[in-house]
Amino acid sequence: MLREYQRRAIDQLYSWFEQNEGNPCLVLPTGAGKSHIVAALCKDAVQTWPETRILMLTHVKELIEQNAEKMRLHWPGAPLGIYSASIGRKQLDEPITFAGIQSLRGKADKIGHVDLIVIDECHMVSHKDEGGYRELLNALKAINPSLRVIGLTATPYRLGHGMITDKPALFDGLVEPVSIEELIHKGFLSKLRSKITKAKLSTEGVHKRGGEYIEAELQAAVNKADKNAAVVAEVMALAGDRKAWLFFCAGVAHAEAIANELNAQGIKAECVTGATPKAERESILRRYKAGEIRALTNANVLTTGFDYPDIDLIAMLRPTMSASLYVQMAGRGLRVKSHTDHCLVLDFAGVVETHGPITAVKPPNKVSGEGNGDAPVKVCDSCGELCAISAKECEACGAVFPEPKKKDLKLRDVDILGLDPIEMPVRAWHWKVHVSRASTKKMLAVTYYGRDLASPSVTEYLPVAHDGYAGDKAMRTFMAMSRSAGLNPADFMKDTEPNGWLSESLILRLNGAKPPVYLKYKMDGKFCRVTNRSWHAPT
């Protein structure tokens with residue numbers, strides 16, 4: 001059985017196809033169960049339209065095997081084949097084919113007519129009309145001009161190119177059915193806790209190419225005996241009884257050195273790199289999951305296609321300007337565990353401070369991919385926890401953060417990085433019912449107008465009629481707003497029609513209510529996210 005949000009994802013995909021031309025990208029957090037969603041989508045398509053041919057593409061052998069396995073679990077007897085040289089199978093005669101791009105590149109004539117292509121980890125597809133994916137897609141599109149493509153990713157952006165929908169691009173829109181916050185709220189994902197560390201890995205003097213650190217220079221800067229010893233000592237001091245440690249290192253030599261240091265300190269550790277033979281790698285991972293190995297170090301290997309829910313400590317030793325790589329690394333700790341409610345993330349490389357919480361990562365700059373400015377996080381002085389910049393108290397220890405110093409209320413230019421809230425005096429607001437183009441669902445929308453007629457308007461969307469965490473959160477926000485505006489929800493709901501939260505009478509009452517005196521908001525892409533509303537003049 002699919003979870004509610006997984007069915008929601010499929011429904012929103014169908015809705016997107018009905019309303020748009022082109023190719024959508026389905027954005028799902030790590031651990032959301034994308035394999036189950038794909039399996040249900042393929043089953044529905046083939047059973048509804050028996051002549052349908054579907055090709056599932058990815059770049060990692062492990063993902064091919066995982067996706068095929070989930071398909072068989074979801075649909076026993078599914079008509080599927082696998083085409084992958086690394087797996088040793090070359091089947092193209094089934095309605096559904098799971099394949100590696102490296103094995104199928106240049107073989108469009110063998111594949112023939114395909115109706116739907118699903119690309120896992122689609123942020124790997126080049127923005128430009130080049131590379132293996134684009135070459136194969138163009139050839140298959142020539143065979144079937146009606147071919148559609150669905151992308152799957154947790155990170156819909158590429159270093160140096162911005163969002164994967166920025167033109168020129170393969171994908172034309174994003175479908176985002178569920179957030180990390182909702183999945184944690186419902187118990188489908190584990191919490192992450194991140195600590196600022198005493199040991200720091202400096203990138204001073206390390207150059208960048210294509211927006212990312214040059215690996216040889218990066219390893220030379222961070223792979224030093226004294227630094228490795230300090231990092232391992234601090235991990236051991238903070239780990240406690242955590243049982244499955246995962247280290248992300250700056251390169252092969254660095255990963256091997258950290259493993260050696262761990263073993264020298266009595267911690268059973270192994271290293272996995274791209275050069276590790278298949279049989280040895282499988283043996284290492286099996287023993288790690290069995291608890292025979294406590295620590296696993298790696299270089300550029302275990303970011304995708306590797307899932308072990310009980311990972312309870314992640315040590316980030318690889319500085320990176322790639323927001324996508326950062327989210328993939330942190331995502332290894334998101335799955336629900338059998339023995340604890342969270343995974344500890346030790347950020348020796350400063351990636352959390354560079355990119356912010358994984359629930360609010362800023363896409364890389366379209367031109368250079370390089371981030372600038374202060375980090376959208378703050379550090380708890382009591383326990384060292386890294387917390388969202390908006391947090392009022394530390395989630396780990398409960399310490400209350402001091403109130404920020406009051407600023408003179410004034411209009412100012414928008415912070416191009418969107419890191420600091422923008423303050424805007426409000427002269428009026430206007431409420432209406434808004435219909436989402438993506439989901440076709442109705443929601444409340446309120447537009448705030450500034451006192452200065454030249455200031456921009458700010459529109460806030462409240463999906464109060466939606467199910468799940470998003471709807472619950474929107475309803476709590478709306479109830480608080482309506483009370484502050486002088487309305488009593490218990491009273492004004494009595495005489496509204498059944499769908500009272502979206503009724504004309506409610507809109508009339510809201511438009512006649514008292515708007516806030518001022519608000520604070522941040523820019524999230526082209527949208528505004530309201531962070532505070534006040535019905536009292538600032539002091």
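I'll walk you through two backbone spots and one pocket in this structure.

Okay, before anything else: this is a predicted model.

Let's start with the backbone. Most residues other than glycine have a negative phi. Now look at Glu-121: its phi is near 55°, so a positive value, and this is not a glycine. Where does Glu-121 sit? You'll find Glu-121 in the loop that runs between strand E6 (116-120) and helix H6 (132-143). And is Glu-121 buried or exposed? It counts as buried, because its relative accessible area is 5% and the cut-off for buried is under 20%.

The second spot is Asn-300. Here phi is near 60°, again positive in a residue other than glycine. Asn-300 is also in a loop, this one between strand E16 (295-298) and strand E17 (313-316). Asn-300 has 46% relative accessibility, so we call it partly exposed.

Right, on to the pocket. I've picked the second largest one, which holds about 1,000 Å³ of space. How many residues line it? There are 40 in the lining, and if you want to find the centre, the ones nearest to it are Glu-62, Gln-66, Gly-305, Phe-306 and Asp-307.

As for which helices take part, helix H2 (34-48), helix H3 (61-74) and helix H11 (278-289) each give at least two residues to the lining of this pocket. H3 provides the largest share, with 8 residues.

And what is the lining made of? In the second largest pocket, it splits into 16 charged, 14 polar and 10 nonpolar residues.

Notes:
Residues are numbered from 1 along each chain as its sequence is written. This is a predicted model: local features need pLDDT of at least 70, side-chain atom pairs count only at pLDDT 80 or more; totals for chains, interfaces and linings use all residues. Side-chain values use heavy atoms; hydrogens and water are left out. Helices (H or I, at least four residues) and strands (E, at least two) are DSSP runs, numbered from the N terminus. Buried means under 20% relative accessible area, exposed over 50%, partly exposed in between (1.4 Å probe, protein chains only). On a 1 Å grid over the protein atoms alone, a cavity is a set of points where a 1.4 Å probe fits but cannot get out, and a pocket is an open set with protein on both sides within 12 Å along at least five of seven lines; lining residues have an atom within 4 Å of a point. Grid points are joined across faces, edges and corners, and a volume is the space filled by probe spheres set on the points. Ala, Val, Leu, Ile, Met, Phe, Trp, Tyr, Cys and Pro count as nonpolar, Asp, Glu, Lys and Arg as charged, and the others, Gly among them, as polar.
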